[in-house]
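Trainee: Could you take a close look at one part of this model with me? I'd like to start at the beginning of the chain and follow the contacts from there.

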Amino acid sequence: MSAQILDGKAIALALRESIRQTVEQKVAEGQRPPGLAVIMVGEDPASAVYVRNKKLACEKAGFLDVSEVLAEDTTQEALLSRIDELNARDDVHGIIVQLPVPDHIDPETIIERIAPHKDVDGFHPYNMGRLATRMPVLAPCTPHGVMTMLEKTGLPLRGLNAVIVGASNIVGVPMALELLNARATVTVCHSATKDLEQKVRDAELVVVGVGRPNMIPGHWIKSGAIVIDVGINRLDDGSLCGDVEFETAKANASWITPVPGGVGPMTIATLLQNTLKAAYGD
C-alpha cells in the first residue's frame, strides 16, 4: 500500500483561482477590491520570502496590496500607531504583522491591536475564542487550510481518532479546535506528553507541526492513517523535509501531504480566503 498524495499546491491553486474570479466579479459590480496590509519589522530572510509570496499572491488575486517593511529599530509604539492607521482605512480589509518581530516588541500586544474583523491571520483572542465556541469568523490560516485539504480526501472526520503533535497557538491549538468542531476525537501532544509513540500509532489522523526534521518515524504511522505534515525544515544539504519521515510513512498511510508542496501553499491561499471574507462577508 502506498498513500495518495494530498497535493496542497493544486488545491491552493484552484482556491486562488476561485478567489480571483470572485474579486473580478465584485469589482465589475462596482465594489472595492479586498485590501491586505502585511507589515514586516526588520529584514528576517525567511519572513522576507514569505511576505514576497503574499505580495505576489495578492497581485494575482486582484487584491490591493499594502505591504511595507519597517526598520528593525521601529518602536512598539510606532508599530501600534501604524496598525491604528490601517484599522481606520476603509480600503484595507486585512492586516498582518509578520512574525517573528524583534525582541523589543511584544507580539501578543501587537496581535491584540489589530481590529478583530481585520485579523486575517486569525490569531486575535476574539477570533480564537469564536473558533473555540464553534462560531468561527476568521480562523487561523494553516489549520483552516488543513481542513480544506481534508475535505478533498472525501473521508468523514466524525469520530476519527486524531492526534496532533505540537501545541502552538499558530497550529496545534486551533487545529485541535477545528477537528473538535468536525466531531473528531482529538489528542494534543506536546513536550510533556508521555509515550508519544503509542499515541501516534493509535491515530487514524496525525497532524504534526513542531519544526523538527523527521521527528515522527514513518513506522509509527498506523496502516490507513491520514498524515498531515505541517513542518518544513531545511537540512544541512539544503534540501527540505517535514516533521514526519515521509517515505516510510507513505508506505503505511492512506493519504499524506508532501513537503514541500503540501500544507505550505494552503496557508497563503487561506489567507486570501480570509481577506475575501473580511471584505465581502460570507
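Mentor: Leu-6 sits in the loop between β1 (4-5) and α1. Keep in mind that this is a predicted model. With a relative accessible area of 2%, Leu-6 is buried. What does Leu-6 contact once its neighbours within four places in sequence are left aside? The list is Ile-11, Met-149, Lys-152, Thr-153, Ile-228, Trp-255, Ile-256, Thr-257, Pro-258, Gly-261 and Gly-262. Take Lys-152 from that list: Leu-6 and Lys-152 are 146 residues apart in sequence, yet their C-alpha atoms are 8.0 Å apart in space.

Now on to the helix after that loop. Helix α1 covers residues 8-28 and packs against helix α10, residues 263-280, with the axes 8 Å apart and an angle of about 20° between them. Anything under 35 degrees counts as roughly parallel, so α1 and α10 are roughly parallel to each other. The crossing of α1 past α10 is left-handed. On the α1 side, the residues involved are Gly-8, Lys-9, Ile-11, Ala-12, Leu-15, Arg-16, Ile-19, Thr-22, Val-23 and Lys-26. They meet Pro-265, Met-266, Ala-269, Thr-270, Leu-272, Gln-273, Leu-276 and Tyr-280 of α10. Sort the residues of this contact by type and you get 11 nonpolar, 4 polar and 3 charged. Ile-11 turns up here as part of the α1 side, and it's also one of the contacts of Leu-6.

α1 has another helix partner to look at, α2, which spans residues 45-61. The axes of α1 and α2 come within 8 Å and cross at roughly 50°. That angle makes α1 oblique to α2. Here Arg-16, Ile-19, Arg-20 and Val-23 in α1 meet Ala-57, Lys-60 and Ala-61 in α2. By type, this contact divides into 4 nonpolar, no polar and 3 charged residues. Look at Arg-16, Ile-19 and Val-23: they meet residues of α2, and they're also listed in the contact with α10.

While we're at α2, what about the cysteines? Cys-58 is buried, at a relative accessible area of 0%. Cys-141 counts as buried as well, at 4% relative accessibility. So why is there no disulfide at Cys-58? Its closest cysteine sulfur, in Cys-141, is 12 Å away, which is too far for a bond. Coming from the other end, the closest cysteine sulfur to that of Cys-141 is the one in Cys-58, again 12 Å off and too far for a bond. A search of the whole structure finds 0 disulfides.

Further along the chain, Thr-74 belongs to the loop between β4 (68-70) and α3 (76-88). Its relative accessibility is 14%, so Thr-74 counts as buried. Leaving aside neighbours within four places in sequence, Thr-74 is in contact with Val-41, Leu-79, His-104 and Ile-105.

Stay with α3 for a last stop. Is Ala-88, a residue of helix α3, buried or exposed? Ala-88 is exposed, with a relative accessible area of 61%. From its C-alpha atom to that of Pro-116, 28 residues away along the chain, the separation is 13 Å.

Technical notes: Residues are numbered from 1 along each chain as its sequence is written. This is a predicted model: local features need pLDDT of at least 70, side-chain atom pairs count only at pLDDT 80 or more; totals for chains, interfaces and linings use all residues. Side-chain values use heavy atoms; hydrogens and water are left out. A disulfide is a pair of cysteine sulfur atoms within 2.5 Å. Buried means under 20% relative accessible area, exposed over 50%, partly exposed in between (1.4 Å probe, protein chains only). Axes are lines fitted to C-alpha atoms, for helices over the stretch in contact, and angles run from 0 to 180 degrees between N-to-C directions. Helices (H or I, at least four residues) and strands (E, at least two) are DSSP runs, numbered from the N terminus. Angles under 35 degrees count as roughly parallel, over 145 as roughly antiparallel, 65 to 115 as roughly perpendicular and the rest as oblique. A crossing is left-handed if the near helix is turned anticlockwise from the far one by less than a right angle, and right-handed if clockwise. Contact means heavy atoms within 4.5 Å. Ala, Val, Leu, Ile, Met, Phe, Trp, Tyr, Cys and Pro count as nonpolar, Asp, Glu, Lys and Arg as charged, and the others, Gly among them, as polar.
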